[in-house]
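Please look over the sequence and the model shown here before reading on. The paragraphs below go from the chain as a whole to individual side chains.

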Amino acid sequence: MSVPGPPSLDGVLAGPPDGLEAGGLTPGLSDTSPDEGLIEDLTIEDKAVEQLAEGLLSHYLPDLQRSKQALQELTQNQVVLLDTLEQEISKFKECHSMLDINALFTEAKHYHAKLVNIRKEMLMLHEKTSKLKKRALKLQQKRQKEELEREQQREKEFEREKQLTAKPAKRM
């Protein structure tokens, strides 16, 4: 396969390709069969493509392998960081739940103190009501006694007055 000549500055070929000048034949082509030189050209092209591919690979493959290794390390580091982050999050959740538990215990102590105060007040009120009941009973008994004494006094006075009232003498 022939390669055209170098392009001019404006992108158009400067002259005819090599081998096509003044009735010259293109190398690899003959008058008898158009496919005769094609196999040779293909093998040359295949070798060239293979060599170009190997050159390209040899040029970029080390960098790509280093990049691949770096990406694998980054991925592993990210996994480690994610695990560490999850552990830290769980620790913060535990701390937060501990704060909640501490708040509940503080609240429980507060309500326990209120309950103790209410119990003391109830005992004090019970004692006061017991004393008041005893006092009321004593006062009631005292009033009844005084009432009874007054009644007895009235009866005595009534009997006395009855005895003191003049009785008419009996005629006989």
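What follows is an explanation of this predicted model, beginning with its confidence and overall make-up.

The mean pLDDT of the protein chain is 82, and 74% of its residues reach 70 or more. Confidence is not even along the sequence, however, since pLDDT stays under 50 over residues 1–30, a stretch for which the model has 18 contacts beyond four places in sequence. The placement of that segment is therefore best read together with its low score, pLDDT being the predictor's confidence in each residue.

How many helices and strands does the protein chain have? The count is 1 helix and 0 strands, and the helix in question, H1, covers residues 36–164. Burial is scarce in this chain: of its 172 residues, buried ones make up 2%, where buried means a relative accessible area under 20%. The chain as a whole exposes about 16,800 Å², and 61% of that area is supplied by carbon and sulfur atoms.

One part of this surface can be described residue by residue. Leu-56, Leu-57, Tyr-60, Leu-61 and Leu-64 form a nonpolar patch on the surface, and together they have about 510 Å² of accessible area. Leu-57, one of the members of this patch, lies in helix H1 and has a relative accessible area of 52%, so that Leu-57 counts as exposed because the cut-off for that class is over 50%.

Charged side chains give a second way into the structure, which holds 5 salt bridges. One of them joins the side chains of Arg-66 and Asp-63, with a distance of 2.0 Å from N to O. Why are Arg-66 and Asp-63 separated by about one helical turn? The reason is that they are 3 residues apart in helix H1. Their accessibility falls into two classes, for Arg-66 counts as exposed at 54% relative accessibility, whereas Asp-63 counts as partly exposed at 38%.

Further along the helix, Glu-151 forms a salt bridge with Arg-154, in which the closest N and O atoms are 3.3 Å apart. Because Glu-151 and Arg-154 are 3 residues apart in helix H1, about one helical turn separates them. Glu-151 is partly exposed at 35% relative accessibility, and Arg-154 is likewise partly exposed, at 47%. Salt bridges that share partners also join Glu-146, Glu-147 and Arg-150 into one network.

Within that network, the salt bridge between Glu-146 and Arg-150 has its closest N and O atoms 3.9 Å apart, a value that still counts because the limit for a salt bridge is within 4 Å. Glu-146 and Arg-150 are 4 residues apart in helix H1, so they too are separated by about one helical turn. Which class of accessibility does Glu-146 belong to, with a relative accessible area of 33%? Glu-146 is partly exposed, and Arg-150 counts as partly exposed as well, at 42% relative accessibility.

How values were computed. Residues numbered from 1 in each chain as written. Predicted model: local features only at pLDDT ≥ 70, side-chain atom pairs only at ≥ 80, totals over all residues. Heavy atoms only, no water. Helix = DSSP H or I, 4+ residues; strand = E, 2+ residues; numbered from the N terminus. Buried < 20%, exposed > 50% of the residue type's maximum accessible area, 1.4 Å probe, protein only. Areas by Shrake-Rupley, 256 points an atom, 1.4 Å probe, with all protein chains shown as cover. pLDDT = per-residue confidence, 0-100. Contact = heavy atoms within 4.5 Å. Patch = residues over 30% accessible without salt bridge, like charges linked within 9 Å, V, L, I, M, F, W, Y side chains within 5 Å.
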